[in-house]
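This report looks at side-chain contacts: aromatic rings, charges over rings, and salt bridges. The structure comes first, then the contacts in turn.

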Amino acid sequence: MQRPSLHVRTLFLSLTAFFFLLCLVFWFFIRQTEGLLVEDAQGQATSTLELVLWLMREAPDRPGLADGAAPAAQPEPPQRVTLEGLPDWAADMGRHLGARITYIAGGRVLADTEVPGRDTAELEDHAGRPEVVAALASGFGTDVRHSRTTGRQTVYAAMRADNLPGLPDGVLRVAVPYHAVTRDLARFRGVILGALGIVLLFGGFLSLLPARSLTGTIKELTLALKALGDGDYKRRLYLSDREFSGLAEAYNAMAERVGKNVAAIEGQRNRHAAVLDGLDEGLAVLCPDGRIASHNAPLARLAGPGELCGRLPIETPLGPAVHAEVAAMLHDPQAKTATRRFTITGDRDVEANLAPFTDQDGRRRLILTLRDVTGQSRMEANIRDFVREASHRLRTPLTKIAGYLDMARGTLSRDPARAGTAIDAAMRFSREMDDAVADLMAMAAARFSASMDRPPRTDVRRILENALREAAVRRPDAEPPRLTVQGDGDFTAEVEPNGLGRVFVLCLERTAASGDDRPVVLSRRDEGLGIEFPGASDLASPAAARGCGEGTGLAADFLSAYGGRLAPGENGALLVCLPLAPASGSEPA
């Protein structure tokens, strides 16, 4: 929305000032006038009250008895107002005087002009009315308020009424409507409001005159400042008015200095941003409340998609562990720089360095540095697993080989036949050791290649054919399995080829040992590639696999590293499933 012009703002301020000033005058005048009118209404009510009280005390209830035209005979004593006739008398008198007359005794209303005589008993106690209280205390009282009986604004006047013939002592009250006061006030308000409008218009016209001379200067200054804000530091301000010449010189000097400083700051900012974005570590500056104030590009890549600025670490992929460490360091003024390791979303291991510092306002902040150590952690885990498994798998055959060789050396001179048997056993266990080394190398290759961005593309059909030939060599006494390929085209998967060949050899040895003469079937399935090995379904059961030799657990572990699996097939066959590799040249999913 465009800001109003100087003319409009000056007019608005002037009119507002005049308006509030005249409202104050208007309020003061109306209050004074209203007070005078109320006093006049109260005086009228008091006069009416005195007249009614005199009539009740001195005059008869019928006007004809008070005009001196009584008969010549001795007249009867004049009849005064009685308690029974008081309601009717008050109603007649109220109509003649144009006022509401009420007689109150002991808080109870005995007569009221506006209420029929039989209904006065239902009226509430009037002893607490302000004018009644004042009349009982001092003999006279007035009040202005909203009537609960008639529902109108009313002026009340009350006077204590004692020693009235035939009536109990009480209070006589006269109520005069307030409409006369409001009518006069409305007329005065109209006059004042008209004068207020004239003054406002005249004041607004006068306020525009001095503002017109400033319009050109303000416009030129506004355009210059806008250009400065838009980055135009070469624009200069030239003002002809003597009063503004100093302002123009100050602006020109400021624009020149700002231009130089901004250029220097931009250069430094670009250098710092390039340095921070070129780091391998993610870097973030955290506010005193733990929210991320700024960060570099590597942190955004490490944390993944989503906004980071203005969020707590727990609201980002950094997770609750980083958030808890940040909160603890921010709330502990004695905490020093610390280095921790966390696992964040996506099973990534990061090494976090938290360095606290104090800003210019004395508030504690943090610099958080994150380094992705997922590859290092996985490599360490793979090395530990490889060493542990190698120690376990190689210790037994090495011990057996050493024992048989010792036996052969001890019996070679005296029992050559027994020595030859020991050497044959050592050779057999050396082959088992060779198989164990092959299994270990296959699993190591699987673990290391699976951690790569993209494992090598392997022709599964070629690897299977090589495994069939190797199985035939390893088991010359058994009938070699046959291969049936269903479908045309390439059978390619992203898997380490040597380890896959070792898995196929294990499955083929189990097929040969089962005596099942069905062929091995290679086909495409909904989930990818499928290879059926007849008679080898026991490899799909972990318990059965553990009971069939140390190397049989290789198949499930190796395939799971690449998203594959072992499953029981039909008629006792083993189904090996591998995800199909994407088309050549496409990006991995």
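## Side-chain contacts

A search of the whole structure, which is a predicted model, turns up one aromatic pair. Its partners are Phe504 and Phe533. The ring centres lie 5.9 Å apart, and the planes meet at 45°, so the pair counts as tilted, a class between the 30 and 60 degree limits. Phe504 belongs to helix α12 (residues 497–514), whereas Phe533 belongs to strand β15 (residues 528–533). The pair therefore ties together parts that are 29 residues apart in sequence.

Are these two rings buried or exposed? Phe504 is buried, because its relative accessibility is 0% and the limit for buried is under 20%. Phe533 is buried too, also at 0% relative accessibility.

Two arginines sit over aromatic faces. Arg145 lies over the face of Tyr156, at 4.3 Å from the ring centre. Arg524 covers the face of Phe491, again at 4.3 Å from the ring centre.

Next come the charged pairs. Side chains of opposite charge can pair when their charged atoms come close. The whole structure holds 19 salt bridges. The table lists three, among them Arg371 with Glu351.

| Salt bridge | N to O distance |
|---|---|
| Arg371 and Glu351 | 2.8 Å |
| Arg510 and Asp538 | 3.0 Å |
| Arg525 and Glu532 | 2.6 Å |

Take Arg371 and Glu351, which meet in a salt bridge. Arg371 lies in strand β10 (residues 364–372) and Glu351 in strand β9 (residues 348–358), so the bridge ties together parts that are 20 residues apart in sequence. Arg371 is partly exposed, with a relative accessible area of 30%. Glu351 is partly exposed at 24%.

Arg510 forms a salt bridge with Asp538. Which parts does this pair tie together? Arg510 lies in helix α12, and Asp538 lies in the loop between β15 and α13 (542–546). These parts are 28 residues apart in sequence. Arg510 is buried, with a relative accessible area of 16%. Asp538, by contrast, is partly exposed at 26%.

Helix α12 thus carries Phe504 of the aromatic pair as well as Arg510 of this salt bridge.

The side chains of Arg525 and Glu532 also meet in a salt bridge. Arg525 is partly exposed, with a relative accessible area of 31%. Glu532 is partly exposed as well, at 22%.

One set of charges forms a network. Salt bridges link Glu131, Asp143, Arg145 and Arg173. Arg145 has a further role in this account: the residue also lies over the face of Tyr156.

Methods
Residues are numbered from 1 along each chain as its sequence is written. This is a predicted model: local features need pLDDT of at least 70, side-chain atom pairs count only at pLDDT 80 or more; totals for chains, interfaces and linings use all residues. Side-chain values use heavy atoms; hydrogens and water are left out. Rings of Phe, Tyr and Trp (its six-membered ring) pair if their centres lie within 6.5 Å; planes under 30 degrees apart count as stacked, over 60 as edge-to-face and the rest as tilted. Helices (H or I, at least four residues) and strands (E, at least two) are DSSP runs, numbered from the N terminus. Buried means under 20% relative accessible area, exposed over 50%, partly exposed in between (1.4 Å probe, protein chains only). A charge sits over a ring if NZ of Lys or CZ of Arg is within 6 Å of the ring centre and within 35 degrees of the ring normal. A salt bridge is a side-chain nitrogen of Lys or Arg within 4 Å of a carboxyl oxygen of Asp or Glu.
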